[in-house]
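Okay, thanks for coming, everyone. I'll walk you through one protein today, and I'd like to start with a small detail before we zoom out. Let me put it on the screen.

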Amino acid sequence: MPVLLFLGDIVGQETIDLIAWRLGKIRTKLGVDWVVVNAENSANGSGLSPAQFRKLRDSGVDGITLGDHALRKREISKILDNETTICRPANFPPGAPGKGWAEAKSPAGKPLRIATVLGRTFTKPVDCPFVALDKILQGPGDGPWLVDIHAEATGEKILMGHWLDGRVAAALGTHTHVVTADEGILPKGTAFQTDVGMSGPSKGVLGRKYESILPTVLTGVQHPYDLARGNIVLCGALVGINQDTCLAESISRVFIPLE
Ligand SMILES: [Fe+2]
Ligand SMILES: [Fe+2]
């Protein structure tokens with residue numbers, strides 16, 4: 001049974017460097033066919049640089065999703081337009097660079113289609129994620145689907161999980177950087193988890209240094225939010241997918257301390 005490893009929001013270059021060093025062994029140990037990561041916080045906490053995209057790809061990451069920080073690094077636009085393994089949120093404005101879905105091929109050539117959408121509760125205004133996904137899921141391509149639900153509100157994510165049930169192999173939440181303990185298979189066969197958590201420095205505040213956030217909160221004067229360092233943990237989900245039905249047979253939480 002093909003197995004998907006999906007890692008939540010990657011924070012910082014330090015995490016990317018450790019993934020590059022360790023992913024081969026993790027793949028073998030977990031028996032993974034596809035590795036997909038949400039890389040929206042890679043570039044010092046916001047966005048993804050072209051060099052980071054290449055490093056993740058060359059390390060064996062098969063597909064990349066992004067989130068509300070997708071376009072923070074302008075220079076990623078060409079990669080979003082030209083590369084087939086990375087997608088930005090499907091419900092961005094129509095003029096946004098890149099595509100709303102991508103294809104992650106396993107090393108053996110098995111296709112997996114991936115998409116991400118942004119929620120609309122407690123976040124900046126975006127197009128309707130349901131309409132955007134409806135269009136994409138009827139589109140071309142082969143293989144099962146992973147939908148990354150990048151949203152703040154738990155209720156909105158759970159609602160979307162049920163709406164996607166039976167249509168995609170996995171509907172997995174990202175963005176809050178905090179793991180939820182509700183992973184499971186929905187009635188029609190979709191693996192769901194409200195949030196798979198963050199892949200990054202685990203002792204900070206959602207990946208940022210506590211001491212660098214506090215002055216802004218206490219004084220109202222904006223200070224730079226530095227990234228936390230060390231204690232890197234990969235958080236994600238491991239999903240077993242039935243190749244005939246393109247639906248899920250298993251899901252488990254993944255928590256891998258890297259240092
Ligand atoms: Fe986000
Ligand atoms: Fe994030």
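So, first thing: this is a predicted model. Let's begin at Cys246, which has 18 other C-beta atoms within 10 Å, so it counts as partly exposed. You'll find Cys246 in the loop between strand 11 and strand 12, the latter covering residues 248–257. Why pick it? Well, Cys246 isn't a glycine, and still its phi is positive, about 60°. As a rule, most residues other than glycine have a negative phi.

There's another residue to look at here, Phe122. Phe122 also isn't a glycine, and its phi is positive, near 60°. Phe122 sits in the loop between strand 5 and helix 4. Is Phe122 buried or exposed? Exposed, because it has just 9 C-beta neighbours inside 10 Å.

Okay, zooming out. We have six helices and twelve strands in this protein. Its C-alpha atoms fill a box of roughly 55 × 40 × 35 Å along the principal axes. The radius of gyration is 17 Å, and a compact globule of 259 residues would come out near 18 Å, so the two agree. Buried residues make up 47% of the 259. And if you take the contacts with a separation of 6 or more, 66% of them are between residues 24 or more positions apart.

Now the sheet I want to show you. It's an open one with six strands, in the order 4-5-6-7-9-8, and the pairing is mixed. At the edges you have strand 4, residues 101–105, and strand 8, residues 184–185, each pairing on one side only.

Let's go inside that sheet, to strand 7. Strand 7, residues 170–174, pairs with strand 6, residues 145–150, in the parallel sense, over five bridges. One of the pairs to click on is His150 with its bridge partner Thr174 in strand 7. Strand 7 also runs parallel to strand 9, and three bridges join them. There, Leu172 has Gln193 of strand 9 as its bridge partner.

How many of the five residues of strand 7 are buried? Five of the five, so the strand is largely enclosed by the rest of the structure. Looking at directions, Ala170, Leu172 and Thr174 point one way, while Ala171 and Gly173 point the other way.

What about the helices around here? Strand 6, helix 5 and strand 7 together make a right-handed β-α-β unit. Helix 5, residues 154–164, lies across strand 6, strand 7 and strand 9, at about 165° to strand 7. Then there's helix 4, residues 129–137, lying across strands 4, 5 and 6 and running at about 165° to strand 5.

Last stop, back toward the start of the chain: helix 1. Where does helix 1 bend? Helix 1 covers residues 12–30, and the bend is at Arg22, by about 55°. Its buried residues include Gly12, Thr15, Ile16, Ile19 and Leu23. The buried residues of helix 1 pack against strand 2 (34–38), helix 2 (50–58), strand 10 (200–201) and strand 11 (232–241). And just after helix 1 comes Gly31, with a positive phi of about 65°.

That's the tour. Happy to rotate the view if anyone wants another look.

Terms used
Residues numbered from 1 in each chain as written. Chains lettered and ligands numbered in written order. Predicted model: local features only at pLDDT ≥ 70, side-chain atom pairs only at ≥ 80, totals over all residues. Pairing = 2+ DSSP bridges. Helix = DSSP H or I, 4+ residues; strand = E, 2+ residues; numbered from the N terminus. Contact = placed C-beta atoms within 7 Å. Axes fitted to C-alpha atoms, helices over the stretch in contact; angles between N-to-C directions. Buried ≥ 20, exposed ≤ 12 C-beta atoms within 10 Å, placed from the backbone. Right-handed = clockwise from strand over helix to strand, strands pointing away. Bend = angle between axes of the 7 residues up to and from the residue. Rg over C-alpha atoms; globule rule 2.2 N^0.38 Å.
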